[in-house]
Amino acid sequence: MSGRIHQLIDQVIQVRTHGNPSMQHFVRVQLLLQGIDPTKFSPQSPDDPAIEAKLQEMLKSLT
């Protein structure tokens, strides 16, 4: 399923910012520091299982 990483990135940003748009930049920088470039993934981009697993682990730790 292409675009799954894009959806997971959006979910991580939503959970971390609690809907505050001014905090999105900081969360994107945190993702970059963890090796995930949010600008690299679009709804049409192919999924990488390693990155998808990393994002799912982040979501588990946030909830």
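In this predicted model, the side chain of Asn20 makes a polar contact with the side chain of Ser22, at 2.8 Å. You will find Asn20 in the loop between H1 and H2. Its relative accessibility is 32%, so Asn20 counts as partly exposed. If you compare Asn20 with Gln7, the two are 13 residues apart in sequence, and their C-alpha atoms are 18 Å apart in space.

Stay in this loop for a moment and look at His18, which also lies between H1 and H2. His18 is not a glycine, and yet it has a positive phi, of about 55°. Is His18 buried or exposed? With a relative accessible area of 71%, His18 is exposed.

Step back one residue and you are in helix H1, where Thr17 has its place. Here the surroundings change: Thr17 has a relative accessible area of 5%, and because buried means under 20%, Thr17 is buried. What does the side chain of Thr17 reach? It goes to the backbone oxygen of Ile13, at 2.7 Å. Leaving aside residues up to four places away in sequence, Thr17 touches Met23, Gln24 and Val27.

Val27 is a good name to hold on to, as Val27 is one of the residues that line the largest cavity. Before going inside, a word on the idea behind it. Rolling a probe the size of a water molecule over the atoms shows where empty space is left. How many cavities of 30 Å³ or more does the count give? The count comes to one. About 40 Å³ of space lies in the largest cavity.

Which residues form its wall? Along with Val27, the lining of the largest cavity is made of Val12, Arg16, Gln30, Leu31, Gln34 and Met58. Helix H1, residues 4-17, and helix H2, residues 24-33, each supply at least two residues of this lining. H2 gives the largest share, with three residues. By chemical character, the lining of the largest cavity divides into four nonpolar residues, two polar ones and one charged one. You can check this by eye: Arg counts as charged, so Arg16 is the charged member of the lining. Val, Leu and Met count as nonpolar, so Val12, Val27, Leu31 and Met58 belong to the nonpolar group.

From the cavity, let us turn to charge pairing. Side chains of opposite charge can pair when their charged atoms come close. The count for this model comes to one salt bridge. Which residues make it? The side chains of Arg4 and Glu52 meet there, with 3.8 Å from N to O. Arg4 lies in helix H1 and Glu52 in helix H3, which covers residues 49-62, so the pair ties together parts that are 48 residues apart in sequence. The two partners fall into separate accessibility classes, which follow from their values: Arg4, at 23% relative accessibility, counts as partly exposed, while Glu52 is buried, with a relative accessible area of 19%. The cut-off for buried is under 20%, so the value of 19% places Glu52 on the buried side.

While you are in helix H3, have a look at Ala50, which has its place there too. Ala50 is exposed, with a relative accessible area of 53%. Follow the chain from Ala50 to Leu62 and you cover 12 residues, with 19 Å separating the two C-alpha atoms.

The last stop is the loop between H2 and H3. Gly35 lies in this loop, and Gly35 is exposed, with a relative accessible area of 57%. Where does Gly35 stand with respect to Ile51? The two are 16 residues apart in sequence, and the distance from C-alpha to C-alpha is 8.8 Å.

Ser45 is found in the loop between H2 and H3 as well. At 10% relative accessibility, Ser45 counts as buried, whereas Gly35 is exposed. The side chain of Ser45 reaches the backbone oxygen of Ser42, at 2.8 Å. Not counting residues up to four places away in sequence, Ser45 touches Ser2, Gly3 and Lys40.

Terms used: Residues are numbered from 1 along each chain as its sequence is written. This is a predicted model: local features need pLDDT of at least 70, side-chain atom pairs count only at pLDDT 80 or more; totals for chains, interfaces and linings use all residues. Side-chain values use heavy atoms; hydrogens and water are left out. On a 1 Å grid over the protein atoms alone, a cavity is a set of points where a 1.4 Å probe fits but cannot get out, and a pocket is an open set with protein on both sides within 12 Å along at least five of seven lines; lining residues have an atom within 4 Å of a point. Grid points are joined across faces, edges and corners, and a volume is the space filled by probe spheres set on the points. Helices (H or I, at least four residues) and strands (E, at least two) are DSSP runs, numbered from the N terminus. A salt bridge is a side-chain nitrogen of Lys or Arg within 4 Å of a carboxyl oxygen of Asp or Glu. Buried means under 20% relative accessible area, exposed over 50%, partly exposed in between (1.4 Å probe, protein chains only). A polar contact is a pair of N or O atoms within 3.5 Å; within protein, one must be able to donate a hydrogen and the other to accept it, and residues adjacent in sequence count only if both atoms are side-chain atoms. Contact means heavy atoms within 4.5 Å.
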